[in-house]
Number of protein chains: 2
Amino acid sequence: MTAEIRAPIASRPNLENLCLVLVSTRNPLNLGAAARAMSNFGFLQLRLVHPYDRAFREARSAVGASAVLQKATEFSSVPEAVADCSLVVGTTSLHRRAPEQPAKTLAEAAATITTHLTSGRCAILFGSEKVGLPTEALDHCHFLLRIPTRAAHPSMNLGQAVAVCLYELAREERRLPKQTAAVKATAGNLERLTVSLLTALELSGYIKPGTENATERKLRRLLHRIEVEPEDAELLLGMLHQILWKLRER
Amino acid sequence: MTAEIRAPIASRPNLENLCLVLVSTRNPLNLGAAARAMSNFGFLQLRLVHPYDRAFREARSAVGASAVLQKATEFSSVPEAVADCSLVVGTTSLHRRAPEQPAKTLAEAAATITTHLTSGRCAILFGSEKVGLPTEALDHCHFLLRIPTRAAHPSMNLGQAVAVCLYELAREERRLPKQTAAVKATAGNLERLTVSLLTALELSGYIKPGTENATERKLRRLLHRIEVEPEDAELLLGMLHQILWKLRER
């Protein structure tokens, strides 16, 4: 029994397909804690979206800063950070607002994510300590993930939430996912599609003045819901570009 | 779906039967983090065994210190802290030594613990940040619990390890345990049994000079392995007391 227990986390398929994206993290201790949990559970791809600069410098230069933190990459926006991912998951305690995206418990989400990792990249977004993920970031998510906590005290510490999520993803029984996922379009593809479609709508007079933002959000959520496959995304983009060319020509 | 996700952790049976015991914790941030995770997942009984004094004062007086931390009780030894518990579980990353106690993964351990909570108290021990649980504390454990982590980086942050353990214990599918556990003797009972038996062995000349400690540890582990039921513990104690009286009379 001991031998079995001592066995390391087996090299699981596709762990490198998962990246963790920390958005606007302020506390260097939380950055360090998140990186440590990643290293503990074998998820090594960390991306940071405009981290509070001093926090990042402090965490990265701390004695014993992990390899994960040293190799972390910085991005200036969520769309850029998730551009190569075909599944984007936001984390929330859902205690501040009703979500407009579908929501899953961590266990449900982990099943979906593990299956997805067999065929494409996935990003899990964690927001800042104070306000969580901003609405603009949530709009880039295919669904939201919630760790079931007590109603009287739902909001978890960032480093602890990261550890719990990665523990669940690394669970023994997930090592061999039961099925292979259909390949989905990357977030970069979806974003190009969204922007092209928006431009088309704008140029075509569909968007009434004052409704630009609402339409953009509605559109973005729609495209995430329908889960476009890569070939379809390419095809749609080709069509849109042609439409745009025509719209601009007039 | 949202409604389901928003539902709080249902009042699970017997959560109050679990207590978390932090042994020699030094860092006030870790004390605070452990208490926060307990509150998040609905486990509210915190016990501290000689915490580093300044750490405890700092954590308890911190702005926003949780109700869990305010209500925490202090003990001067592990046996006292677990005296009313009939299942004692130690946590370890097992990377420093081969354990002499049986070891289970967190998922296996959680199944055992949840079943146990239907009939008796359970204590989960967490050691200090630097050295983990001392051998004397491990000897009071029925088994050890290990969170499966990467061999290259097995040791978790204390607050994160607590969060992961409590998340696993609070998992949805554990809300209704499948079977009721047999009632086990409390640690206090087991300790009286151990001490009485040791005294008897000593008085009877069984223990050779220089082997006292080894015999004590061997005996303690034995009594934890056999999982004595309360009535049996009482019965054995009665027998032993009689033997002791006789031994002393000579």
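**Helix α9(B) is mostly covered in this predicted model.** Of its 17 residues, 12 are buried. Among them are Leu190(B), Leu193(B), Leu198(B) and Leu201(B). Buried small residues of α9(B) include Ala187(B), Gly188(B), Ser196(B) and Ala200(B). The helix covers residues 187-203 and reaches 24 Å from its first C-alpha to its last. That is close to the 24 Å expected at 1.5 Å a residue. Gly205(B) follows α9(B), with a positive phi near 80°.

**Seven strands of chain B form an open sheet with parallel pairing.** Their order is β3-β2-β1-β6-β4-β7-β5. β3 (73-75) and β5 (103-105) of chain B stand at the edges. Each has a single partner strand, so one side of each is left without a neighbour in the sheet. On average, neighbouring strands are turned by 30° against each other, direction ignored.

**Strands β1 and β6 of chain B run parallel.** Five bridges join β1 (residues 18-23) to β6 (residues 122-126). Leu22(B) stands opposite Phe126(B) in β6(B).

**Helices α2 and α6 of chain B pack on the sheet.** Helix α2 (residues 28-41) touches β1 and β2 (45-49) of chain B. The direction of α2 makes about 155° with that of β2(B). Helix α6 (residues 106-117) touches β1, β4 (87-91), β5, β6 and β7 (143-146) of chain B. The direction of α6 makes about 100° with that of β5(B).

**Chain A has 11 helices and seven strands.** Of its 250 residues, 52% count as buried. The accessible surface of chain A comes to about 11500 Å², and 55% of that belongs to carbon and sulfur atoms.

Conventions:
Residues numbered from 1 in each chain as written. Chains lettered and ligands numbered in written order. Predicted model: local features only at pLDDT ≥ 70, side-chain atom pairs only at ≥ 80, totals over all residues. Heavy atoms only, no water. Helix = DSSP H or I, 4+ residues; strand = E, 2+ residues; numbered from the N terminus. Buried < 20%, exposed > 50% of the residue type's maximum accessible area, 1.4 Å probe, protein only. Areas by Shrake-Rupley, 256 points an atom, 1.4 Å probe, with all protein chains shown as cover. Expected span 1.5 Å × (residues − 1). Pairing = 2+ DSSP bridges. Axes fitted to C-alpha atoms, helices over the stretch in contact; angles between N-to-C directions. Contact = heavy atoms within 4.5 Å.
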